[in-house]
Amino acid sequence: MNINNYFRLIIPSHSRNEAFARAAVAAFAAQLDPTVEEINDIKAAVSEAVTNCIVHAYPDKIGDIEIVGRIIEHDTFYIRIKDKGLGIADIKQAMLPLFSTCEEGERAGLGFAVMESFMDKLRVTSRPVKAGAAPSGTSVIMTKRVTSRYE
């Protein structure tokens, strides 16, 4: 795996930073010369992942969201969005469409389904907070092969 370029960004989990994260990631991914559809896919997936951090990882406080982007080889975009929040007790259940831990009607429960539909690969790891232990949070890793300029 040849990493051609990368960035690391840490933002607080303010809802106003979701748009900034989306724009920053899109600007970085633009060096792959994606189509408008590909860049919109990346932006939508990042938006969902960052929103999950804001809403679910840190529901009652502000915490850090770390975003790492990489250009791998000449055509693959890698993005990791990580928090140190509450964690996910059951990842399989959380990834089911329409599942949400929020009160009924507050959230659609489609975040992971959206990420999965727009990106080529999605991997979620998480460890929920345990009494007396430091939170380890959740990590969402997504990749998308950008093929537009090579076809």
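Start with the helices: select E18, A21, R22, V25, A26 and A29 in α1, and you'll see them meet I39, I42, K43, V46, S47, V50, T51 and I54 in α2. Keep in mind as you click around that this is a predicted model.

Now show both helices whole, residues 17-29 for α1 and residues 36-57 for α2. Their axes come within 9 Å and cross at roughly 145°. Turn the view until one helix sits in front of the other, and you're looking at a right-handed crossing.

Next, hop over to strand β1, residues 3-12. Pick N5, which belongs to this strand. N5 is partly exposed because its relative accessible area is 31%, and buried would mean under 20%. Light up its contacts beyond four places in sequence: F28, Q31, G69, R70 and I71. While you're there, draw a distance from the C-alpha of N5 to that of H74: the two are 69 residues apart along the chain, yet the gap reads 10.0 Å.

Stay in β1 and select I3. With 36% relative accessibility, I3 also counts as partly exposed. Add M1 and Y6 to the selection and switch on the surface: together with I3 they make a nonpolar patch with about 390 Å² of accessible area.

Last stop is strand β5, residues 137-145, where you'll find T143. Is T143 buried or exposed? It's buried, since its relative accessible area is 16% and the cut-off for buried is under 20%. To see what surrounds T143, show T76, F77, Y78, M119, D120 and K121, which it touches once residues up to four places away in sequence are set aside.

Conventions:
Residues numbered from 1 in each chain as written. Predicted model: local features only at pLDDT ≥ 70, side-chain atom pairs only at ≥ 80, totals over all residues. Heavy atoms only, no water. Patch = residues over 30% accessible without salt bridge, like charges linked within 9 Å, V, L, I, M, F, W, Y side chains within 5 Å. Areas by Shrake-Rupley, 256 points an atom, 1.4 Å probe, with all protein chains shown as cover. Salt bridge = Lys/Arg side-chain N within 4 Å of Asp/Glu carboxyl O. Helix = DSSP H or I, 4+ residues; strand = E, 2+ residues; numbered from the N terminus. Buried < 20%, exposed > 50% of the residue type's maximum accessible area, 1.4 Å probe, protein only. Axes fitted to C-alpha atoms, helices over the stretch in contact; angles between N-to-C directions. Left-handed = near helix turned anticlockwise from the far one by under 90°. Contact = heavy atoms within 4.5 Å.
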